[in-house]
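Please open the model in a viewer and keep the sequence panel visible. The tour proceeds by selection, beginning with a helix and ending at a ligand.

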Amino acid sequence: MDIYEEVKSAATIGISGHIRPDGDCVGSVMGLYLYLKKVCPDAKIQVMIEKPADVFSCVKGIDEIHTDFVSDVKEFDVFFALDTAKDRLGEAEKYFDEAAKKINIDHHISNKGCGDVNYIMPEASSTSELIYDVIADKSLLDEEIAKALYIGIIHDTGVFQYSNTAPSTLKAAAELISYGFDFPKLIDKTFYEKTYLQNQILGRALLESIVFMNGRCIVSMVDKKTMNFYDAEPHDLEGIVSQLRNTKGVECAIFMYQTDTLEYKVSLRSNGKVDVAKVAAFFGGGGHVRAAGVTMQGTFHDIVNNLSAQIAEQL
Ligand code: AMP
Ligand code: MN
């Protein structure tokens, strides 16, 4: 796919990604935005996602995002859904639905494609790698586009550690760092660095974790009261589930935080033995074989019981 061919006659272009945007969502959305601004200088281009975490403030154009989802355009000529199907676009879903041409670019195996044009590659490391792919003329890349896409790739591969890292991922990253940005600093600031409070919550979640199924599963939870105490937002909890997964002997890790009375956002991670995308999909969520998510209703214990039954079937 050459993305320019898909948008070249558009006067209005909208770009969105999933709710609670992570590094790949921000990286792919902003990488595409910066590229389209360059190749379609006369088009009106708007990004609509929830406010990205402060660590992404180094990405060019981040302050131009319409985080309030207000736009004077009602029917975009082209509207992109990146890193998700349309069901997790949040308030941007209405713009996607109304658009003359809908384009969906994603790497989630649970996404069957919801656009008029679909570029869904479950094998790809990240949606940011896919945006790199669809920029057919690589001479149009620049340092700022490269930085955005690189951030997306490092976040979804755990800095090239996870099994979704392919030779194509490293080749893309190799070309991206040739633009000369300070990549060790970018990795440290956007991926590894935690605030003191984030580390405290992580410590608490580890302390309160419970192993079950003879140590093959681990679960931990942060309730609303604790989140309020630490003044924590969902993005402050990123990384907790992968630390749980690092526990020796664990094949499946569950982390959840309370979003409402009897409602929890659940994150699942596995070492590949358990297909957590399948587990999440059973309860209406989705994701990848080794990383998936879902929102579930019930008490903490009900949810753990329900998830355990599905995990046990696979183990
Ligand atoms: P999380 O643990 O929420 O960061 O999610 C892990 C992976 O699963 C990410 O790639 C998410 O985009 C994906 N994911 C999380 N929740 C859902 C959902 N409800 N539906 C589809 N994919 C999801
Ligand atoms: Mn992604």
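Begin by selecting residues 143–157, which form helix α5. This is a predicted model. From first C-alpha to last, the 15 residues of α5 reach 21 Å, close to the 21 Å expected at 1.5 Å a residue. Display the surface next: α5 is mostly covered, with 13 of its 15 residues buried.

Now inspect the two ends of α5. At the N-terminal end, select Asp-142 and Glu-144: Asp-142 acts as the cap, with a side-chain oxygen 3.1 Å from the backbone nitrogen of Glu-144. After the helix comes Gly-158, which has a positive phi, near 60°.

Move on to ligand 1. Which of the 13 residues around ligand 1 come nearest? They are Arg-88, His-108, Lys-265, Ser-267 and Arg-269. Show side chains and follow the polar contacts to oxygen atoms of the ligand:

- Lys-265 places a polar side-chain atom 2.6 Å from a ligand oxygen.
- His-108 has a side-chain N or O atom 2.8 Å from an oxygen of ligand 1.
- Arg-269 has a polar side-chain atom 3.0 Å from a ligand oxygen.

On its own, ligand 1 has 470 Å² of accessible area, of which the protein covers 80%.

Finally, colour the shell around ligand 1 by strand. At least two residues each are supplied by β9 (263–270), β10 (286–287) and β11 (291–297). Of these, select β11 last: its four residues are the largest share of the shell. Recolouring the shell by residue class gives three nonpolar, seven polar and three charged residues.

Methods. Residues numbered from 1 in each chain as written. Chains lettered and ligands numbered in written order. Predicted model: local features only at pLDDT ≥ 70, side-chain atom pairs only at ≥ 80, totals over all residues. Heavy atoms only, no water. Expected span 1.5 Å × (residues − 1). Buried < 20%, exposed > 50% of the residue type's maximum accessible area, 1.4 Å probe, protein only. Polar contact = N/O pair within 3.5 Å; in protein donor to acceptor, adjacent residues only side chain to side chain. Near = heavy atom within 4 Å. Areas by Shrake-Rupley, 256 points an atom, 1.4 Å probe, with all protein chains shown as cover. Nonpolar A, V, L, I, M, F, W, Y, C, P; charged D, E, K, R; others polar.
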